[in-house]
Amino acid sequence: MYDVIVNDWGETTYVPNTLGRILLALILILVVAVAVHFAGKYAKSQNSGKEIQNKRLLTVKQVAFCAMAIALGTILSELKLFHFPTGGSITLLSMLIICLPGYFFGLTAGLLTGVAHGILQLIIDPYVLYPSQLIIDYFLAFGALGLSGLFCNAKQGLLKGYIVGVLGRYVFAVLSGWIFFGSYAWEGWGALPYSLVYNGIYIFSEGIITVIILAIPAVSKALARIKQAALS
């Protein structure tokens with residue numbers, strides 16, 4: 001499923017071949033299908049002044065929002081403001097876009113959307129030195145962005161959810177760097193401190209930029225209106 005090649009830095013890397021891409025695409029379709037299933041929202045209705053039982057609703061519009069977030073997040077991830085040669089980059093708000101389905105529809109849809117995004121990253125722009133590394137770097141790290149769904153109904157939920165999602169991705173990125181990339185540590189640095197700093201540079205740089213943008217009232221109001229539209 002993977003071809004073993006040597007990249008420009010002399011590293012032995014694993015790149016999905018045609019069969020691997022087909023299997024990843026099938027997994028992606030399955031993940032999106034499951035995400036779509038859980039993209040329903042819970043709504044409360046009033047009947048003669050009395051609250052009735054919550055009912056899960058699933059609309060075509062919600063399905064479209066999840067799919068668009070995956071597509072747009074993948075496109076924005078290719079617009080790199082800064083890129084480390086050994087992996088990791090500051091992108092144009094791609095993490096924010098992947099956090100939105102969780103903020104809109106809840107934890108399950110958010111996690112599965114994040115995993116789907118990770119699979120696309122693995123297909124489009126893989127950087128895999130060890131087969132087991134891809135589980136952490138692509139499935140778990142990107143999937144963690146869906147933790148934004150923990151705050152889908154909270155006050156300032158998008159800001160809180162985004163921060164938690166970014167921290168979740170950071171934890172897995174640090175774990176991967178510590179386990180698999182310790183040999184890249186700067187002179188005099190241990191594997192764990194190196195991974196903490198290295199991954200913090202690009203993840204928190206993008207995170208800080210995004211938080212500043214979210215603090216702009218016009219932006220937060222616009223995203224709140226988009227959520228209302230997605231849930232209507």
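## Salt bridges first

A salt bridge here is a side-chain nitrogen of Lys or Arg within 4 Å of a carboxyl oxygen of Asp or Glu. With that in hand, look at Glu 78, Lys 80 and Asp 125: salt bridges link them in a network. Keep in mind that this is a predicted model. The count of salt bridges comes to 2, and Lys 80 takes part in one with Glu 78 and in one with Asp 125.

How far apart, N to O, are the side chains of Lys 80 and Asp 125? The distance is 3.8 Å. This pair ties together distant parts of the chain, 45 residues apart: Lys 80 sits in strand β7 (residues 80-83), while Asp 125 belongs to the loop between α4 (107-124) and α5 (133-143). For Lys 80 and Glu 78, the N to O distance is 3.9 Å; that value falls within the 4 Å cut-off, so the pair counts as a salt bridge.

Are these residues buried or exposed? Lys 80 has a relative accessibility of 28%, so the label is partly exposed. Glu 78 is partly exposed as well, at 36%, and Asp 125 gets that label at 32%.

## The chain as a whole

Zooming out, the protein chain has 8 helices and 8 strands. Of its 232 residues, 45% count as buried. If you take the contacts with a separation of 6 or more, 63% of them come from residues 24 or more positions apart.

On the outside, the protein chain exposes about 11900 Å². Carbon and sulfur atoms supply 69% of that area.

## A lysine over a ring

Lys 227 is part of helix α8 (residues 217-231). Is Lys 227 buried or exposed? Its relative accessibility is 11%, which is under the 20% limit, so Lys 227 counts as buried.

What does Lys 227 touch, once neighbours within four places in sequence are set aside? The contacts are Tyr 103, Phe 104 and Cys 152. With Tyr 103 there is some geometry to look at: Lys 227 lies over the face of that ring, 4.1 Å from the ring centre. Tyr 103 and Phe 104 are both buried.

## Aromatic pairs

The model has 15 aromatic pairs. One of them brings together Tyr 103 and Phe 104, with ring centres 5.8 Å apart. Why is this pair called tilted? The planes meet at 40°, and the tilted class is what remains between under 30 degrees (stacked) and over 60 (edge-to-face).

Elsewhere, ring pairs join Phe 82, Phe 84, Trp 186, Trp 189, Tyr 194, Tyr 198 and Tyr 202 into a cluster. Trp 186 and Trp 189 also turn up in the next section, as members of a surface patch.

## A nonpolar patch on the surface

Leu 175, Trp 178, Ile 179, Trp 186, Trp 189, Leu 192, Leu 196, Val 197 and Ile 201 make up a nonpolar patch, and together they offer about 760 Å² of accessible area. Two or more residues of the patch come from each of α6 (157-180) and α7 (191-214). Helix α7 has the largest share, with 4 residues.

Val 197 is a handy example from helix α7. Its relative accessibility is 33%, so Val 197 counts as partly exposed. That value is also over the 30% that patch residues need.

How values were computed
Residues numbered from 1 in each chain as written. Predicted model: local features only at pLDDT ≥ 70, side-chain atom pairs only at ≥ 80, totals over all residues. Heavy atoms only, no water. Buried < 20%, exposed > 50% of the residue type's maximum accessible area, 1.4 Å probe, protein only. Contact = heavy atoms within 4.5 Å. Areas by Shrake-Rupley, 256 points an atom, 1.4 Å probe, with all protein chains shown as cover. Patch = residues over 30% accessible without salt bridge, like charges linked within 9 Å, V, L, I, M, F, W, Y side chains within 5 Å. Phe/Tyr/Trp six-rings, centres within 6.5 Å; stacked < 30°, edge-to-face > 60°. Lys NZ or Arg CZ within 6 Å of the ring centre and 35° of its normal.
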